[in-house]
Amino acid sequence: MSISENGQRTYRRHSLLRRNPALAREAFSTHYEITHGPLASSQEGFRQFASRYVQNHVERLPDDSEPLFDGVTMTTQVPRDDYTKGFFNHPDYANVQDDERYLFDIANTISLLGWEDVVLDGPTTQFKALLLMASSAFTQDRLRTASRIVANHLDVKTASALGFSKGAFSYDLLVEAWFHEAQARTAAYREYTNRAEGLPPIFLPVREVMVYGPEKPWIGATQP
């Protein structure tokens with residue numbers, strides 16, 4: 001389990017993003033990284049609550065099916081008593097809402113809190129995947145080729161549509177997995193998508209983009 005410096009669990013906010021239907025996936029990904037990331041991170045109210053900001057850009061699925069989400073934002077939360085009070089409640093959030101309406105299909109976007117559990121403490125790689133599933137269905141042996149595994153336990157009661165309105169969500173686990181090669185990630189995708197019992201897992205191959213964090217300090221809107 002990942003523990004913060006004050007001995008508490010490490011909490012994150014996970015925003016599962018659907019692109020505006022008017023945008024092609026390439027246009028969405030470019031705007032998400034080049035425009036939206038710097039805009040959000042430039043807000044003092046955002047950095048007040050988030051010590052690390054990572055974007056996950058969903059890549060082409062091996063079977064060419066349409067992914068349920070186009071991007072996933074993960075922000076490590078600054079330790080505090082009430083994690084439900086954050087950027088969505090800060091006046092600075094108004095500065096990004098117009099861009100969110102342009103970029104996202106708000107009604108089909110979900111944001112929720114969760115705590116981090118490091119299952120396999122190995123290296124990260126460029127071949128990352130995200131898996132949404134019921135926590136009761138998770139077994140590490142199905143990801144036996146992964147180099148690193150982090151399980152994020154989601155609090156479905158905190159689900160909202162990016163703070164615009166309440167949301168509903170059935171999956172209570174978001175797993176991050178890194179693989180040494182693309183073929184291993186594809187093999188894991190096929191294994192998970194071929195299993196139909198219970199709540200069907202959602203497997204998303206992603207490209208991770210670090211916006212800022214302890215390993216990449218925030219230095220303004222024009223980071224190298």
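The following conversation concerns a predicted model and its helix H1, its barrel and its aromatic pairs.

Biologist: What should be known about the model beforehand?

Modeller: It is a predicted model in which local features need pLDDT of at least 70 and side-chain atom pairs count only at pLDDT 80 or more, while totals for chains, interfaces and linings use all residues. Residues are numbered from 1 along each chain as its sequence is written, and side-chain values use heavy atoms, with hydrogens and water left out.

Biologist: How many residues has H1, and where is its kink centred?

Modeller: Helix H1 covers residues 25-41, which is 17 residues; helices (H or I, at least four residues) and strands (E, at least two) are DSSP runs, numbered from the N terminus. A kink of about 40 degrees is centred on tyrosine 32, the bend being the angle between axes fitted to the seven residues ending there and the seven starting there.

Biologist: Is serine 29 buried or exposed?

Modeller: Serine 29 is buried because its relative accessible area is 16%; buried means under 20%, exposed over 50% and partly exposed in between, with a 1.4 Å probe and protein chains only. Beyond its neighbours within four places in sequence, serine 29 is in contact (heavy atoms within 4.5 Å) with His57 and Arg207.

Biologist: Where does histidine 57 stand?

Modeller: Histidine 57 stands opposite arginine 207 in E8. Strands E2 and E8 pair in the antiparallel sense over six bridges; two strands pair if DSSP finds at least two bridges between them.

Biologist: Which order do the barrel strands follow?

Modeller: The closed barrel of eight strands runs E1-E3-E2-E8-E5-E7-E6-E4, with antiparallel pairing.

Biologist: Changing topic, how many aromatic pairs are there?

Modeller: A search of the whole structure finds 14 aromatic pairs. Rings of Phe, Tyr and Trp (its six-membered ring) pair if their centres lie within 6.5 Å; planes under 30 degrees apart count as stacked, over 60 as edge-to-face and the rest as tilted. Phenylalanine 46 and phenylalanine 87 are edge-to-face, because their planes stand at 85 degrees, with ring centres 5.3 Å apart. That pair links phenylalanine 46 in helix H2 to phenylalanine 87 in the loop between E3 and H3, 41 residues apart.

Biologist: Which other ring pairs with phenylalanine 87?

Modeller: Phenylalanine 87 also forms an edge-to-face pair with tyrosine 93, at 5.2 Å centre to centre and 75 degrees between the planes. Tyrosine 93 is buried, with a relative accessible area of 3%. One aromatic cluster includes Phe46, Phe87 and Tyr93.

Notes:
The expected span of a helix is 1.5 Å times one less than its number of residues.
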